[in-house]
Amino acid sequence: YIGALNGGLNNKPYSKVSTEGVLGSKKEFNAMVSYLEEQGVQLFLETNPVELYNNGNGYDSNGDAVKGFFDKNAFEYIFNLDSNLPTSTRWRLMKPELVPGFVEKFTNSAKKWNITNISIDRLAGSLYTNYEKDEPNVTRSMTLALWEQALKQVGEGADYLMVHKGNAYCLPYADVITDTPTGCSDYDMTDTSVPFYQIVVQDSKVTTPVALNTTVDYTQAFLNALETGCSMKYNLIYGDVSNLVGTEYNTIVSYSYEFWKDIIVEEYKTMQEATKAFAGKAILDHEMITEDVSVTEYENGTLIVNYGNESCSY
């Protein structure tokens, strides 16, 4: 659940659970948590311990942010793809040494709300440095150790941990890894892609590709999830997404729940039927028998995916 905390998506650091009143009251939030638990649905509440937009919860978006090589504030930007220039939307990054404490506070606060599944954004997909003047430099290798500390804390304090992208250092701690790689770079030296990541973690982690409804070719992305043994992921908003057109959130207008719900149900049934026999089984081998047809071999059988328009036999 992203954007559930006070202030929405891009606001003060969420080191504690305080819900966004526009979405409902605390009583209604607790009722939702209880309902999902009764239905056997795992709710992951997400925080981002890296991006600093505003002050709050004891954190200063200036004093607690990393500095670049010349002791200037280091920013990340949203880029305009047409001009390849940064837009005015920017944010700072939290000092790496503060992140483990931030994550610990959030995990402890979530427990008080009966939230036992935590999603941590950015930690599994990025490392950075801090060149603050008159302070010891924090290198990326040092940041890596701090990220591992933070992920371990969540793993010990929560029932399940979700991360995004999933660099190798998160594997001992994460239970669900989204946005995993499902293809190669397609450089000229590459003949074909192999689902190496999924082969490594398939029988021990739940993995997903990027949200299928954010891809250019939805059908291709769905078949690729089947081929690589991934679960499905969708980004969804229940409200009217047309209100986002022309705003800084213009990129998420494809998240309409009303548009996608029937498609998701149908594709979920298709995926369940195709993969139910392979749940919890390791991938042993992968082969492209033609340019359009892949064979993924599990411990107990094979899954054939045909991307082409012609039938094939195997």
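Strands here are DSSP runs of E with at least two residues, numbered from the N terminus. With that in hand, Aspartate 71 can be placed in the loop between strand 2 (51-52) and strand 3 (75-80). Please keep in mind that this is a predicted model. The protein has 6 helices and 11 strands, and its 314 residues have a radius of gyration of 21 Å, which agrees with the value near 20 Å for a compact globule. Here is a tour, topic by topic.

**Overall build**

- The C-alpha trace spans about 65 × 50 × 40 Å along the principal axes of the protein.
- Of the 314 residues, 41% count as buried.
- The protein exposes about 17600 Å², and 50% of that comes from carbon and sulfur atoms.
- Among contacts with a separation of 6 or more, 57% are between residues 24 or more positions apart.

**The parallel sheet**

- An open sheet holds 5 strands in the order 1-5-6-7-8, with parallel pairing.
- Strand 1 (45-47) and strand 8 (206-207) stand at the edges with a single partner strand each, so each has one side without a neighbour in the sheet.
- Strand 7 (residues 176-178) runs parallel to strand 8, and 2 bridges join them.
- One residue to look for in this pairing is isoleucine 177, whose bridge partner in strand 8 is threonine 207.
- Helix 2 (residues 99-112) lies across strand 1 and strand 5 (117-120), and runs at about 155° to strand 1.

**Threonine 207 up close**

- Threonine 207 belongs to strand 8, and it counts as buried because its relative accessibility is 2%, with the cut-off for buried being under 20%.
- Beyond its neighbours within four places in sequence, threonine 207 is in contact with Ile177, Thr180, Gln198, Val201, Gln202, Gly229, Cys230 and Ser231.

**The hairpin**

- Strand 10 and strand 11 form a hairpin, with 2 residues between them.
- Strand 10 (residues 293-298) and strand 11 (residues 301-306) run antiparallel and are joined by 6 bridges.
- Within this pairing, glutamate 297 stands opposite threonine 302 of strand 11.

**Nonpolar cores**

- In soluble globular proteins, nonpolar side chains tend to be buried together.
- The largest nonpolar core in this model has 43 residues, of which Ile115 and Leu123 touch the most other members.
- Elements giving two or more residues to this core are helix 1 (26-38), strand 4 (85-93), helix 2, strand 5, helix 3 (140-157), strand 6 (160-164) and helix 4 (196-201).
- Leaving out residues up to four places away in sequence, leucine 123 touches Pro49, Val50, Val99, Val103, Trp147, Ala150, Leu151 and Tyr169.
- A second, separate core has 18 residues, including Leu212, Ala221, Leu223 and Leu226.

**Two aspartates with positive phi**

- Aspartate 71 is not a glycine, yet has a positive phi of about 60°.
- With a relative accessibility of 28%, aspartate 71 counts as partly exposed, since that value lies between the 20% and 50% cut-offs.
- Aspartate 179 also has a positive phi of about 60° although it is not a glycine.
- You will find aspartate 179 in the loop between strand 7 and helix 4.
- Aspartate 179 has a relative accessible area of 19%, so it falls under the 20% cut-off and is buried.

Technical notes: Residues numbered from 1 in each chain as written. Predicted model: local features only at pLDDT ≥ 70, side-chain atom pairs only at ≥ 80, totals over all residues. Heavy atoms only, no water. Pairing = 2+ DSSP bridges. Helix = DSSP H or I, 4+ residues; strand = E, 2+ residues; numbered from the N terminus. Contact = heavy atoms within 4.5 Å. Axes fitted to C-alpha atoms, helices over the stretch in contact; angles between N-to-C directions. Rg over C-alpha atoms; globule rule 2.2 N^0.38 Å. Buried < 20%, exposed > 50% of the residue type's maximum accessible area, 1.4 Å probe, protein only. Areas by Shrake-Rupley, 256 points an atom, 1.4 Å probe, with all protein chains shown as cover. Core = buried A, V, L, I, M, F, W, Y, C linked by side-chain atoms within 4.5 Å.
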